[in-house]
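Hi,

Here is the model I promised to pass on. Have a look at it first, and then read my notes below.

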Amino acid sequence: MLFLSFAFFAMGQTPDTVAAKAKTDTVVKKIDTVRRSSFAPKIKKEKEYHPDSTHSPKLAVKRSLFIPGWGQYYNKELWYLKVPAIYIGLGFLGNAIIVNQKQYKIFTALAKITRTGGIPEKSNPLYSSYLKYKKEYDLYVVQYNVSNTDLESAANGYQRNFQISILGVIAVWGVQAVEAYITAKFINAYTVDNNLSFKVSPTLMGGQQQPMYASNFNSAFIPGIKITFTL
């Protein structure tokens, strides 16, 4: 009976066939897909100008002597500012030449006419000048009663201004030619950039030639300072 009871008890037990499922972490890691922009400012590399052996200073000065501003245009260094400045200066000086020459002729003729003591006769060679400058004669001599001395002084002043204006044109022409040559020379032979540095180091110097900044300690070698520039 005990054996049968144990057998029935064993048959009444149904084995657990459900396998325990392992618990796994199902959390999905999110990847930040937002692209972060950098706030650091961009470093702009400065433009460097290296010597150009093909650039001819002689050609630049020849062009400037032939046509003002041509050398500046050839150099391509701020030519859009230099060329207008050259022609503005030449324009003012050219206008001064025309105006002063015209006024010089007028006041010279009026001074010659007033020397005759009045209106010249028709047989006088100055009568044609009187007819030409009758308006100015009536204004300065008749209306304002300008003396002969003042007319001659005004004529001399306009003549001086006329000559100064001519010298100004020659000066501007020459200066712009020299500027074109110097700029072309720098382009041809020198590095025009901001990479200028210098180094200061102590040194010993000997011989008879002594720089002013060296100290003499009554010895064969003189301590000094050596400065080296790097372009």
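Let me begin at a glycine: G117 comes just after α4 and takes a positive phi of about 90 degrees. Please keep in mind throughout that this is a predicted model.

The helix before that glycine is worth a check of its own. Helix α4 has 37 residues, which at 1.5 Å a residue should span 54 Å, and its end C-alpha atoms lie 53 Å apart, so the two figures agree.

Helix α4 also matters for the nonpolar interior. The largest nonpolar core is made of 12 residues: I106, F107, A109, L110, A111, I113, Y130, Y133, Y137, V141, L151 and A155. At least two residues of this core come from each of α4, α6 (134–143) and α7, and α4 gives the most, with 6 residues.

Some contacts around that core are easy to find on screen. If residues up to four places away in sequence are left out, A111 touches N148, L151 and E152. S129 sits in helix α5 (residues 127–132) and, with the same neighbours left out, touches A109 and I113. The C-alpha atoms of S129 and L110 are separated by 8.2 Å, with their positions 19 residues apart along the chain.

Now to the aromatic rings, of which the structure holds 7 pairs. One of them joins W79 and Y80 edge-to-face, with 6.2 Å from centre to centre and 80 degrees between the planes. Another is the stacked pair of F107 and Y158, at 5.5 Å centre to centre and with 25 degrees between the planes. This second pair links distant parts of the chain: F107 belongs to helix α4 (residues 79–115) and Y158 to helix α7 (residues 148–189), 51 residues apart. How do the two partners differ in burial? F107 is buried, since its relative accessible area is 6%, whereas Y158 counts as partly exposed because its relative accessibility is 25%.

W79 has further company. Together with Y73 and Y80, W79 forms one aromatic cluster. A lysine joins in here: the charged end of K76 sits over the ring of Y73, 3.5 Å from its centre, and K76 also lies over the face of W79, at 5.8 Å from the ring centre. W79 itself counts as partly exposed, because its relative accessibility is 32%.

Which residues does N75, in helix α3 (residues 70–75), touch? Leaving out residues up to four places away in sequence, they are H55, A60, A180, T183, A184 and I187. N75 counts as buried, because its relative accessibility is 5%.

Finally, do look at W173, which is found in helix α7. W173 is partly exposed, given a relative accessible area of 29%. Again not counting residues up to four places away in sequence, W173 touches S64, L65, F66 and P68. The C-alpha atoms of W173 and I86 are separated by 8.3 Å, although these residues are 87 apart along the chain.

If you only have a few minutes, I would start with the stacked F107 and Y158 pair and then move on to the core, to which α4 gives 6 residues.

Best wishes

Methods. Residues numbered from 1 in each chain as written. Predicted model: local features only at pLDDT ≥ 70, side-chain atom pairs only at ≥ 80, totals over all residues. Heavy atoms only, no water. Phe/Tyr/Trp six-rings, centres within 6.5 Å; stacked < 30°, edge-to-face > 60°. Buried < 20%, exposed > 50% of the residue type's maximum accessible area, 1.4 Å probe, protein only. Helix = DSSP H or I, 4+ residues; strand = E, 2+ residues; numbered from the N terminus. Lys NZ or Arg CZ within 6 Å of the ring centre and 35° of its normal. Expected span 1.5 Å × (residues − 1). Core = buried A, V, L, I, M, F, W, Y, C linked by side-chain atoms within 4.5 Å. Contact = heavy atoms within 4.5 Å.
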